[in-house]
Amino acid sequence: MKKELLIYINGKFYPKSDAKISVYDHGLLYGDGVFEGIRVYNGVVFKLKEHLDRLYQSTHTIMLQIPLTKSEMTQAVLETLKKNNLKNAYIRLIVTRGKGDLGLDPRKCPKPTVIIIIEPMIQIYGAEVKEKGMTATISWVKRDAVDATTHEVKSLNYMNSILAKIEANTAGVDEAIYLDKRGFVCEGSSDNIFMVKERKVVTPPVSTGALAGITRNRVMKLAENLGYTVVERNITPNELFNADEVFFTGTAAEVVPVREINKRIIGDGKRGPVTKRLMQEFERIVKDPNEGTLIS
Ligand code: PXG
């Protein structure tokens, strides 16, 4: 029989089929909590420090005190990987407000719940999409504003993303693109967006409500090192339709080209040269132990 994966919950390990939390957990009742999606390539946890920095920033904003220091959390992640003996994996790290009552007051939740789920590496977009590009649609659902349930905080409340994903599904395309309340391009449902115009690499600022993606930050530096001018500025839908190239970045997506948005063909309708170069470089750097934390 295949050995079951082990899931970390509050310092203990449980087989996957037995990994359970209370129905009174405010992560379930109210989406009150935060998470990170992290990848492990060849025994190196890619940008673990950056993911933990963002996790602790998210909890700082929502005033949730994680019961582990960052170094204890690092150890918990590494131990979970070792217990599961996985060198290529996907990590879902979740911290919820914990068990409370049926009222939403977080003061009723004395102890946060810390969960670390490890799965073998998932491939959300296959080789064909990475080669040919994705299709996308701009959603009628606007990105939550930065003075509302901002996606700068990677909270468990993903209804804003899910509503747009439903639009993508019903339109028969791969991904949804959000605009912010002003009408500027923001991001995808679970990835950041970039456009290339006249060899400039352009991405919207987080003030549109986009997540400060870790892949986004790394790809911006990569593009700079390759000699491209990288600009963070507002992008209009018209500019996006008329870009030379468009691509998404994210932990799960990595770097993935977009060939069509709301039935408008982007550039030549196939993966552009800048996107291709960045995909190749990204694939190279994720194998570098200096890009993350070694499981040892
Ligand atoms: N924007 C949003 C709203 C996200 O949720 C990104 C951008 C990309 O950020 P990173 O730091 O990953 O480069 C995300 C990432 C999933 C899944 O299961 C979602 C994310 C990460 C991993 C898996 O769809 N969100």
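These legends go with close-up views of the ligand site in a predicted model. Local features need pLDDT of at least 70 and side-chain atom pairs count only at pLDDT 80 or more, while totals for chains, interfaces and linings use all residues. Numbering starts from 1 along each chain as its sequence is written, and side-chain values use heavy atoms, with hydrogens and water left out.

**View 1. Who surrounds the ligand**. The shell has 17 residues (a heavy atom within 4 Å of the ligand). Y158, E187, I214, T215 and T251 come nearest.

**View 2. Polar contacts to the ligand** (N or O pairs within 3.5 Å). T215 puts a polar side-chain atom 2.6 Å from a ligand oxygen. On K154, a side-chain N or O atom is 2.8 Å from a ligand nitrogen. For R92, a side-chain N or O atom sits 3.0 Å from a ligand oxygen. Alone, the ligand exposes 540 Å² (Shrake-Rupley, 1.4 Å probe), and the protein buries 89% of that.

**View 3. Where the shell comes from**. β5 (89-96) and α6 (214-225), both DSSP runs (strands E, at least two residues; helices H or I, at least four), each supply at least two shell residues. Domain 1 (6-120) and domain 2 (127-285), with bounds from an automatic or database assignment, each give at least three.

Notes: Polar contact = N/O pair within 3.5 Å; in protein donor to acceptor, adjacent residues only side chain to side chain.
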